[in-house]
Amino acid sequence: MTAILNLAVALLAGLLMTRIFSRWHLPDVTAFLVTGVLIGPFVLGRLGIPGLGFASYDQVEALSMISDVAMGFIAFSIGNEFRLSQLKKTGRQAMIIGVLQALAALAFVDIALVIFHFLRPDVLSVPAAITLGAIATATAPATTLMVVRQYKAKGELTDLLLPIVALDDAVGLIAFAVSFGIARAMDSAQFSLASILLSPLIEIVGSLLLGALAGFVLTKLETMFRSNSNRLSLSIAFIFLMVGLSAVDFTVAGVDCGFSPLLVCMMLGTVFCNICPLSEDLMDRADDWSAPLLAVFFVISGAELELGVFTDWAIVCIGLVYILFRSAGKYIGAFASSKYMKCGPEICKYLGITLLPQAGVALGMCTTAMQLGEQGGLIRNITLFSVLIYEMVGPLLTRQALMAAGDIQPLSAEVCQRRPAQGRSAKRSRA
(Lines give C-alpha, C1' and ligand atoms only; values in the text may rest on other atoms or scores of the structure.)
Protein backbone atom coordinates (compact mmCIF):
# COMPACT_ATOMS: atom_id res chain seq x y z
CA MET A 1 0.00 0.00 0.00
CA THR A 2 2.92 2.36 0.72
CA ALA A 3 4.13 2.04 -2.88
CA ILE A 4 0.66 2.88 -4.26
CA LEU A 5 0.37 5.87 -1.92
CA ASN A 6 3.82 7.12 -2.94
CA LEU A 7 2.90 6.66 -6.61
CA ALA A 8 -0.26 8.76 -6.20
CA VAL A 9 1.57 11.47 -4.26
CA ALA A 10 4.37 11.60 -6.85
CA LEU A 11 1.92 12.09 -9.73
CA LEU A 12 -0.29 14.63 -7.94
CA ALA A 13 2.62 16.66 -6.57
CA GLY A 14 4.35 16.68 -9.97
CA LEU A 15 1.23 17.88 -11.80
CA LEU A 16 0.58 20.65 -9.24
CA MET A 17 4.20 21.79 -9.48
CA THR A 18 3.86 22.24 -13.26
CA ARG A 19 1.20 24.91 -12.59
CA ILE A 20 3.66 26.82 -10.41
CA PHE A 21 6.53 26.47 -12.88
CA SER A 22 4.32 27.54 -15.79
CA ARG A 23 4.26 31.04 -14.27
CA TRP A 24 8.00 31.24 -14.98
CA HIS A 25 7.64 29.58 -18.41
CA LEU A 26 9.76 26.59 -17.33
CA PRO A 27 9.39 23.11 -18.93
CA ASP A 28 7.28 20.47 -17.19
CA VAL A 29 10.32 18.18 -16.98
CA THR A 30 12.06 20.61 -14.63
CA ALA A 31 8.92 20.83 -12.48
CA PHE A 32 8.72 17.04 -12.17
CA LEU A 33 12.41 16.75 -11.24
CA VAL A 34 12.18 19.48 -8.61
CA THR A 35 9.09 17.77 -7.20
CA GLY A 36 11.05 14.54 -6.90
CA VAL A 37 13.85 16.27 -5.00
CA LEU A 38 11.35 17.95 -2.65
CA ILE A 39 9.43 14.76 -1.80
CA GLY A 40 12.60 12.66 -1.79
CA PRO A 41 14.52 11.27 1.20
CA PHE A 42 16.65 14.42 1.58
CA VAL A 43 13.77 16.90 2.07
CA LEU A 44 10.15 16.06 2.98
CA GLY A 45 10.95 12.35 3.18
CA ARG A 46 13.10 13.04 6.23
CA LEU A 47 9.93 13.78 8.22
CA GLY A 48 8.86 10.16 7.84
CA ILE A 49 5.18 11.06 7.41
CA PRO A 50 3.37 8.50 5.20
CA GLY A 51 2.01 10.11 2.06
CA LEU A 52 4.19 13.21 2.34
CA GLY A 53 7.23 11.87 0.54
CA PHE A 54 9.73 9.03 0.12
CA ALA A 55 11.14 8.25 3.56
CA SER A 56 14.02 6.19 2.14
CA TYR A 57 15.69 5.21 -1.11
CA ASP A 58 14.18 1.75 -0.68
CA GLN A 59 10.75 3.31 -1.20
CA VAL A 60 12.01 5.03 -4.35
CA GLU A 61 13.50 1.74 -5.54
CA ALA A 62 10.12 0.06 -5.01
CA LEU A 63 8.82 2.12 -7.95
CA SER A 64 11.77 1.28 -10.22
CA MET A 65 9.51 -0.87 -12.39
CA ILE A 66 7.62 2.31 -13.35
CA SER A 67 10.90 3.85 -14.52
CA ASP A 68 11.81 0.76 -16.55
CA VAL A 69 8.43 0.71 -18.31
CA ALA A 70 8.56 4.47 -18.93
CA MET A 71 11.97 4.10 -20.60
CA GLY A 72 10.44 1.38 -22.76
CA PHE A 73 7.69 3.74 -23.94
CA ILE A 74 10.25 6.48 -24.58
CA ALA A 75 12.40 4.18 -26.71
CA PHE A 76 9.30 2.89 -28.56
CA SER A 77 8.31 6.50 -29.38
CA ILE A 78 11.82 7.35 -30.57
CA GLY A 79 11.63 4.37 -32.92
CA ASN A 80 8.92 6.32 -34.73
CA GLU A 81 11.63 8.78 -35.81
CA PHE A 82 13.26 6.07 -37.93
CA ARG A 83 10.59 5.91 -40.61
CA LEU A 84 12.28 5.19 -43.93
CA SER A 85 10.62 8.21 -45.52
CA GLN A 86 12.19 10.44 -42.88
CA LEU A 87 15.57 8.68 -42.89
CA LYS A 88 15.94 9.38 -46.60
CA LYS A 89 16.12 13.06 -45.65
CA THR A 90 18.13 13.03 -42.42
CA GLY A 91 19.43 9.47 -41.95
CA ARG A 92 23.01 10.01 -43.11
CA GLN A 93 23.29 13.33 -41.29
CA ALA A 94 21.90 11.88 -38.06
CA MET A 95 24.23 8.87 -38.21
CA ILE A 96 27.43 10.86 -38.72
CA ILE A 97 26.56 13.70 -36.32
CA GLY A 98 25.30 11.24 -33.68
CA VAL A 99 28.56 9.27 -33.70
CA LEU A 100 30.96 12.23 -33.90
CA GLN A 101 29.38 14.37 -31.16
CA ALA A 102 29.34 11.37 -28.78
CA LEU A 103 32.99 10.57 -29.47
CA ALA A 104 33.91 14.24 -29.03
CA ALA A 105 32.33 14.27 -25.57
CA LEU A 106 34.19 11.06 -24.69
CA ALA A 107 37.53 12.50 -25.84
CA PHE A 108 37.09 15.84 -24.05
CA VAL A 109 36.15 14.24 -20.72
CA ASP A 110 38.81 11.52 -20.97
CA ILE A 111 41.60 14.03 -21.58
CA ALA A 112 40.42 16.43 -18.87
CA LEU A 113 39.98 13.75 -16.20
CA VAL A 114 43.23 11.93 -17.00
CA ILE A 115 45.02 15.28 -16.50
CA PHE A 116 43.10 15.64 -13.22
CA HIS A 117 44.36 12.17 -12.25
CA PHE A 118 47.98 13.23 -12.70
CA LEU A 119 47.30 16.28 -10.52
CA ARG A 120 45.45 14.31 -7.82
CA PRO A 121 46.14 10.57 -8.24
CA ASP A 122 44.88 9.97 -4.69
CA VAL A 123 41.37 11.14 -5.65
CA LEU A 124 40.75 9.85 -9.19
CA SER A 125 42.21 6.78 -10.93
CA VAL A 126 42.71 6.32 -14.68
CA PRO A 127 40.09 3.51 -14.87
CA ALA A 128 37.54 5.83 -13.25
CA ALA A 129 38.50 8.67 -15.61
CA ILE A 130 37.99 6.66 -18.80
CA THR A 131 34.75 5.18 -17.44
CA LEU A 132 33.39 8.68 -16.81
CA GLY A 133 34.44 9.62 -20.34
CA ALA A 134 32.26 6.83 -21.72
CA ILE A 135 29.31 7.85 -19.51
CA ALA A 136 29.64 11.37 -20.96
CA THR A 137 28.46 10.11 -24.36
CA ALA A 138 24.92 9.38 -23.14
CA THR A 139 22.06 11.85 -23.61
CA ALA A 140 18.66 11.70 -21.90
CA PRO A 141 16.09 10.80 -24.60
CA ALA A 142 13.21 11.18 -22.15
CA THR A 143 14.01 14.80 -21.36
CA THR A 144 14.41 15.79 -24.98
CA LEU A 145 11.29 13.96 -26.09
CA MET A 146 9.14 15.49 -23.36
CA VAL A 147 10.26 19.04 -24.16
CA VAL A 148 9.54 18.44 -27.85
CA ARG A 149 6.07 17.11 -27.02
CA GLN A 150 5.16 19.80 -24.51
CA TYR A 151 5.95 22.65 -26.87
CA LYS A 152 4.95 20.78 -30.06
CA ALA A 153 8.34 21.53 -31.60
CA LYS A 154 8.53 21.08 -35.37
CA GLY A 155 11.29 21.96 -37.79
CA GLU A 156 14.64 20.93 -39.22
CA LEU A 157 16.40 20.89 -35.84
CA THR A 158 13.73 18.68 -34.23
CA ASP A 159 13.68 16.30 -37.22
CA LEU A 160 17.44 15.80 -36.86
CA LEU A 161 17.56 15.89 -33.05
CA LEU A 162 15.29 12.92 -32.26
CA PRO A 163 17.12 10.29 -34.37
CA ILE A 164 20.46 11.63 -33.08
CA VAL A 165 19.29 11.18 -29.47
CA ALA A 166 18.23 7.63 -30.31
CA LEU A 167 21.55 6.82 -31.98
CA ASP A 168 23.40 8.49 -29.13
CA ASP A 169 22.36 5.76 -26.73
CA ALA A 170 23.53 3.02 -29.09
CA VAL A 171 26.91 4.74 -29.51
CA GLY A 172 27.06 5.33 -25.76
CA LEU A 173 26.44 1.67 -24.97
CA ILE A 174 29.26 0.58 -27.28
CA ALA A 175 31.66 3.24 -25.96
CA PHE A 176 30.85 2.38 -22.35
CA ALA A 177 31.20 -1.37 -22.87
CA VAL A 178 34.64 -0.95 -24.47
CA SER A 179 35.89 1.74 -22.03
CA PHE A 180 34.61 -0.09 -18.96
CA GLY A 181 36.14 -3.34 -20.20
CA ILE A 182 39.51 -1.59 -20.46
CA ALA A 183 39.00 0.08 -17.06
CA ARG A 184 38.16 -3.21 -15.39
CA ALA A 185 41.18 -4.88 -17.01
CA MET A 186 43.44 -2.07 -15.74
CA ASP A 187 41.89 -2.25 -12.29
CA SER A 188 42.35 -6.02 -11.99
CA ALA A 189 45.51 -6.24 -14.11
CA GLN A 190 43.69 -8.75 -16.34
CA PHE A 191 42.98 -8.15 -20.00
CA SER A 192 39.97 -9.96 -21.48
CA LEU A 193 39.30 -9.30 -25.16
CA ALA A 194 36.00 -11.18 -24.86
CA SER A 195 34.67 -8.96 -22.09
CA ILE A 196 35.69 -5.83 -24.00
CA LEU A 197 34.43 -6.69 -27.48
CA LEU A 198 32.19 -9.75 -27.37
CA SER A 199 29.82 -8.65 -24.60
CA PRO A 200 28.78 -5.28 -26.13
CA LEU A 201 28.56 -6.82 -29.61
CA ILE A 202 26.20 -9.56 -28.42
CA GLU A 203 24.14 -7.06 -26.40
CA ILE A 204 23.66 -4.67 -29.32
CA VAL A 205 23.06 -7.27 -32.04
CA GLY A 206 20.86 -9.39 -29.78
CA SER A 207 18.79 -6.37 -28.71
CA LEU A 208 18.25 -5.24 -32.30
CA LEU A 209 17.28 -8.74 -33.44
CA LEU A 210 14.85 -9.23 -30.53
CA GLY A 211 13.25 -5.83 -31.18
CA ALA A 212 12.96 -6.46 -34.92
CA LEU A 213 11.37 -9.88 -34.40
CA ALA A 214 8.93 -8.43 -31.87
CA GLY A 215 8.00 -5.60 -34.27
CA PHE A 216 7.24 -8.11 -37.03
CA VAL A 217 5.15 -10.30 -34.71
CA LEU A 218 3.27 -7.28 -33.34
CA THR A 219 2.36 -6.15 -36.86
CA LYS A 220 1.00 -9.58 -37.74
CA LEU A 221 -1.02 -9.79 -34.52
CA GLU A 222 -2.52 -6.33 -35.09
CA THR A 223 -4.37 -7.72 -38.14
CA MET A 224 -6.33 -10.07 -35.86
CA PHE A 225 -8.15 -7.13 -34.22
CA ARG A 226 -10.53 -4.58 -35.66
CA SER A 227 -10.91 -2.37 -32.61
CA ASN A 228 -8.29 0.36 -32.22
CA SER A 229 -8.62 0.00 -28.44
CA ASN A 230 -7.61 -3.66 -28.64
CA ARG A 231 -4.79 -2.83 -31.04
CA LEU A 232 -3.53 -0.18 -28.62
CA SER A 233 -3.70 -2.66 -25.75
CA LEU A 234 -1.70 -5.14 -27.82
CA SER A 235 0.99 -2.54 -28.56
CA ILE A 236 1.25 -1.63 -24.87
CA ALA A 237 1.44 -5.30 -23.93
CA PHE A 238 4.39 -5.77 -26.32
CA ILE A 239 6.25 -2.83 -24.76
CA PHE A 240 5.77 -4.40 -21.32
CA LEU A 241 6.88 -7.76 -22.73
CA MET A 242 10.06 -6.33 -24.24
CA VAL A 243 10.98 -4.52 -21.01
CA GLY A 244 10.48 -7.77 -19.12
CA LEU A 245 12.52 -9.88 -21.55
CA SER A 246 15.32 -7.29 -21.52
CA ALA A 247 15.87 -8.03 -17.82
CA VAL A 248 16.94 -11.60 -18.67
CA ASP A 249 20.71 -12.22 -18.52
CA PHE A 250 22.48 -15.04 -20.32
CA THR A 251 25.99 -16.38 -20.93
CA VAL A 252 27.69 -16.80 -24.32
CA ALA A 253 31.16 -18.40 -24.55
CA GLY A 254 31.70 -17.73 -20.85
CA VAL A 255 30.81 -14.03 -21.19
CA ASP A 256 27.87 -12.58 -19.26
CA CYS A 257 25.48 -10.82 -21.65
CA GLY A 258 22.05 -9.24 -21.62
CA PHE A 259 19.68 -7.09 -23.63
CA SER A 260 19.39 -3.29 -23.68
CA PRO A 261 15.73 -2.35 -23.06
CA LEU A 262 16.32 0.95 -24.86
CA LEU A 263 17.62 -0.70 -28.03
CA VAL A 264 15.00 -3.50 -27.92
CA CYS A 265 12.03 -1.12 -27.59
CA MET A 266 13.53 1.35 -30.05
CA MET A 267 13.87 -1.41 -32.67
CA LEU A 268 10.34 -2.61 -31.86
CA GLY A 269 9.02 0.88 -32.64
CA THR A 270 11.21 1.23 -35.75
CA VAL A 271 10.06 -2.02 -37.38
CA PHE A 272 6.44 -1.51 -36.32
CA CYS A 273 6.19 2.03 -37.71
CA ASN A 274 7.68 0.99 -41.05
CA ILE A 275 5.65 -2.14 -41.80
CA CYS A 276 2.30 -1.58 -40.04
CA PRO A 277 -0.10 0.68 -42.00
CA LEU A 278 -1.89 1.66 -38.77
CA SER A 279 1.27 2.46 -36.86
CA GLU A 280 1.05 6.27 -36.95
CA ASP A 281 -2.36 6.40 -35.25
CA LEU A 282 -1.51 3.65 -32.76
CA MET A 283 1.82 5.23 -31.76
CA ASP A 284 0.10 8.58 -31.22
CA ARG A 285 -2.42 6.86 -28.94
CA ALA A 286 0.39 5.10 -27.05
CA ASP A 287 2.08 8.47 -26.51
CA ASP A 288 -1.11 9.88 -24.97
CA TRP A 289 -1.51 6.81 -22.76
CA SER A 290 2.05 7.09 -21.48
CA ALA A 291 1.83 10.77 -20.38
CA PRO A 292 1.18 10.07 -16.65
CA LEU A 293 3.78 7.32 -16.74
CA LEU A 294 6.43 9.77 -17.92
CA ALA A 295 5.40 12.29 -15.27
CA VAL A 296 5.95 9.70 -12.53
CA PHE A 297 9.22 8.65 -14.17
CA PHE A 298 10.70 12.15 -13.86
CA VAL A 299 9.46 12.60 -10.29
CA ILE A 300 11.12 9.30 -9.35
CA SER A 301 14.30 10.41 -11.15
CA GLY A 302 14.34 13.55 -9.02
CA ALA A 303 13.76 11.57 -5.83
CA GLU A 304 16.74 9.32 -6.69
CA LEU A 305 19.16 12.25 -6.74
CA GLU A 306 21.36 12.32 -3.64
CA LEU A 307 21.91 15.90 -2.48
CA GLY A 308 24.62 14.64 -0.14
CA VAL A 309 27.09 14.66 -3.05
CA PHE A 310 27.38 18.43 -2.64
CA THR A 311 29.10 17.97 0.74
CA ASP A 312 32.20 16.32 -0.76
CA TRP A 313 34.52 18.91 -2.34
CA ALA A 314 36.36 16.27 -4.42
CA ILE A 315 33.12 15.14 -6.05
CA VAL A 316 32.12 18.76 -6.69
CA CYS A 317 35.48 19.58 -8.31
CA ILE A 318 35.55 16.47 -10.50
CA GLY A 319 31.85 16.95 -11.27
CA LEU A 320 32.42 20.52 -12.46
CA VAL A 321 35.30 19.40 -14.70
CA TYR A 322 33.09 16.61 -16.04
CA ILE A 323 30.16 18.96 -16.72
CA LEU A 324 32.25 21.66 -18.39
CA PHE A 325 34.21 19.35 -20.66
CA ARG A 326 31.24 17.13 -21.52
CA SER A 327 29.25 20.24 -22.48
CA ALA A 328 32.16 21.52 -24.57
CA GLY A 329 32.56 18.13 -26.26
CA LYS A 330 28.86 17.83 -27.07
CA TYR A 331 28.61 21.37 -28.42
CA ILE A 332 31.86 21.44 -30.40
CA GLY A 333 31.29 17.89 -31.70
CA ALA A 334 27.75 18.70 -32.84
CA PHE A 335 28.82 22.06 -34.33
CA ALA A 336 31.79 20.67 -36.27
CA SER A 337 29.99 17.55 -37.53
CA SER A 338 26.86 19.47 -38.60
CA LYS A 339 29.10 21.96 -40.43
CA TYR A 340 30.79 19.03 -42.15
CA MET A 341 27.38 17.66 -43.16
CA LYS A 342 26.41 21.11 -44.53
CA CYS A 343 23.46 21.56 -42.18
CA GLY A 344 21.71 24.90 -41.81
CA PRO A 345 23.14 27.62 -39.51
CA GLU A 346 20.39 27.10 -36.89
CA ILE A 347 21.25 23.40 -36.60
CA CYS A 348 24.99 24.09 -36.35
CA LYS A 349 24.44 26.73 -33.68
CA TYR A 350 21.81 25.10 -31.47
CA LEU A 351 22.02 21.31 -31.89
CA GLY A 352 24.78 20.85 -29.33
CA ILE A 353 22.77 22.65 -26.64
CA THR A 354 19.83 20.25 -27.05
CA LEU A 355 22.14 17.26 -26.43
CA LEU A 356 23.22 18.31 -22.92
CA PRO A 357 20.50 16.64 -20.75
CA GLN A 358 21.66 13.42 -19.13
CA ALA A 359 19.78 10.98 -16.88
CA GLY A 360 18.53 7.38 -17.13
CA VAL A 361 21.10 5.77 -19.42
CA ALA A 362 24.00 7.44 -17.60
CA LEU A 363 22.63 6.28 -14.24
CA GLY A 364 22.40 2.75 -15.59
CA MET A 365 26.02 2.93 -16.72
CA CYS A 366 27.26 4.16 -13.34
CA THR A 367 25.41 1.31 -11.63
CA THR A 368 27.51 -1.10 -13.71
CA ALA A 369 30.62 0.93 -12.84
CA MET A 370 30.11 0.05 -9.16
CA GLN A 371 32.10 -3.10 -9.97
CA LEU A 372 35.25 -0.94 -9.67
CA GLY A 373 34.85 -0.89 -5.89
CA GLU A 374 35.68 2.40 -4.16
CA GLN A 375 36.29 4.19 -7.45
CA GLY A 376 32.95 2.84 -8.67
CA GLY A 377 31.25 4.64 -5.80
CA LEU A 378 33.10 7.83 -6.78
CA ILE A 379 31.91 7.43 -10.39
CA ARG A 380 28.32 7.00 -9.20
CA ASN A 381 28.40 10.13 -7.03
CA ILE A 382 29.99 12.24 -9.77
CA THR A 383 27.36 11.02 -12.24
CA LEU A 384 24.59 11.82 -9.74
CA PHE A 385 26.04 15.30 -9.24
CA SER A 386 26.17 15.97 -12.99
CA VAL A 387 22.69 14.52 -13.58
CA LEU A 388 21.27 16.82 -10.91
CA ILE A 389 22.78 19.86 -12.66
CA TYR A 390 21.99 18.74 -16.20
CA GLU A 391 18.40 17.74 -15.47
CA MET A 392 17.65 21.06 -13.78
CA VAL A 393 19.24 23.21 -16.47
CA GLY A 394 19.06 20.94 -19.55
CA PRO A 395 15.29 21.09 -20.24
CA LEU A 396 15.30 24.89 -20.08
CA LEU A 397 18.33 25.10 -22.41
CA THR A 398 16.69 22.64 -24.82
CA ARG A 399 13.54 24.73 -24.93
CA GLN A 400 15.50 27.94 -25.48
CA ALA A 401 17.56 26.35 -28.27
CA LEU A 402 14.45 25.04 -30.05
CA MET A 403 12.80 28.45 -29.73
CA ALA A 404 15.89 30.23 -31.07
CA ALA A 405 16.01 27.80 -34.01
CA GLY A 406 12.34 28.53 -34.78
CA ASP A 407 11.09 25.00 -34.02
CA ILE A 408 8.96 26.25 -31.11
CA GLN A 409 6.61 28.99 -32.20
CA PRO A 410 5.53 31.58 -29.60
CA LEU A 411 1.82 32.04 -29.04
CA SER A 412 0.32 34.65 -31.32
CA ALA A 413 -0.89 37.93 -29.84
CA GLU A 414 -4.46 36.94 -30.69
CA VAL A 415 -4.21 33.73 -28.64
CA CYS A 416 -2.54 35.51 -25.71
CA GLN A 417 -5.33 38.11 -25.64
CA ARG A 418 -8.03 35.46 -26.00
CA ARG A 419 -6.91 33.47 -22.93
CA PRO A 420 -7.40 36.27 -20.35
CA ALA A 421 -10.72 37.15 -21.99
CA GLN A 422 -11.86 33.54 -21.69
CA GLY A 423 -10.80 33.53 -18.04
CA ARG A 424 -12.83 36.68 -17.30
CA SER A 425 -15.92 35.38 -19.09
CA ALA A 426 -15.65 32.12 -17.13
CA LYS A 427 -15.53 34.07 -13.85
CA ARG A 428 -18.60 36.12 -14.86
CA SER A 429 -20.52 32.97 -15.76
CA ARG A 430 -19.71 31.44 -12.36
CA ALA A 431 -20.81 34.62 -10.62
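Reader: Which residues in α12 meet Ala291, Pro292 and Leu293 in α13?
Author: In this predicted model, the axes of α12 and α13 come within 4 Å and cross at roughly 45 degrees. The two helices touch through a short list of residues, with Ala291, Pro292 and Leu293 on the α13 side. On the α12 side, the residues that meet them are Asp287, Asp288 and Trp289.

Reader: How many charged residues does the contact of α12 with α13 have?
Author: The contact of α12 with α13 includes Asp287 and Asp288 from α12, and Asp counts as charged. By class, the residues of this contact divide into four nonpolar and no polar, and the number of charged residues is two.

Reader: Are α12 and α13 roughly parallel or oblique to each other?
Author: The axes of α12 and α13 cross at roughly 45 degrees. Angles under 35 degrees count as roughly parallel, and 65 to 115 degrees as roughly perpendicular. The orientation of α12 and α13 to each other is therefore oblique.

Reader: How are α15 and α17 oriented to each other, roughly parallel or roughly antiparallel?
Author: The axes of helix α15, residues 345-354, and helix α17, residues 374-404, come within 8 Å and cross at roughly 165 degrees. An angle over 145 degrees counts as roughly antiparallel. That angle is why α15, set against α17, is described as roughly antiparallel.

Reader: Which residues in α17 do Tyr350, Ile353 and Thr354 in α15 meet?
Author: The crossing of α15 and α17 is left-handed. By class, their contact has five nonpolar, two polar and no charged residues. From α15 come Tyr350, Ile353 and Thr354, and the residues they meet in α17 are Leu397, Thr398, Ala401 and Ala404.

Reader: Is the crossing of α14 and α15 left-handed or right-handed?
Author: Helix α14 spans residues 313-340, and its axis and that of α15 come within 8 Å and cross at roughly 150 degrees. That angle makes α14 roughly antiparallel to α15. As for its hand, the crossing of α14 and α15 is right-handed.

Reader: How many charged residues does the contact of α14 with α15 have?
Author: On the α14 side the contact is made by Lys330, Tyr331, Ala334, Phe335, Ser338 and Lys339, and on the α15 side by Ile347, Cys348, Lys349, Leu351, Gly352 and Ile353. The residues of this contact divide into seven nonpolar and two polar, and the number of charged residues is three.

Reader: Which helix gives the most to the lining of the second largest pocket?
Author: About 960 Å³ of space lies in the second largest pocket. Of the 30 residues that line this pocket, the closest to its centre are Glu81, Leu145, Val148, Arg149 and Asp287. Several helices each supply at least two residues of the lining, among them α1, α5, α8, α12 and α13. The helix that gives the most, with five residues, is α7.

Reader: Which helices each supply at least two residues of the lining of the largest cavity?
Author: A search of the whole structure finds two cavities of 30 Å³ or more, and about 60 Å³ of space lies in the largest cavity. Its lining is formed by Ile74, Ala75, Ile78, Pro141, Asp169, Leu262, Leu263 and Met266, which divide into seven nonpolar, no polar and one charged. The helices that each supply at least two of these residues are α4 (64-79) and α11 (261-275).

Notes
Residues numbered from 1 in each chain as written. Predicted model: local features only at pLDDT ≥ 70, side-chain atom pairs only at ≥ 80, totals over all residues. Heavy atoms only, no water. 1 Å grid on protein atoms, 1.4 Å probe; cavity = no way out; pocket = protein on both sides within 12 Å on 5 of 7 lines; lining within 4 Å. Points joined across faces, edges and corners; volume = space filled by probe spheres on them. Axes fitted to C-alpha atoms, helices over the stretch in contact; angles between N-to-C directions. Left-handed = near helix turned anticlockwise from the far one by under 90°. Contact = heavy atoms within 4.5 Å.
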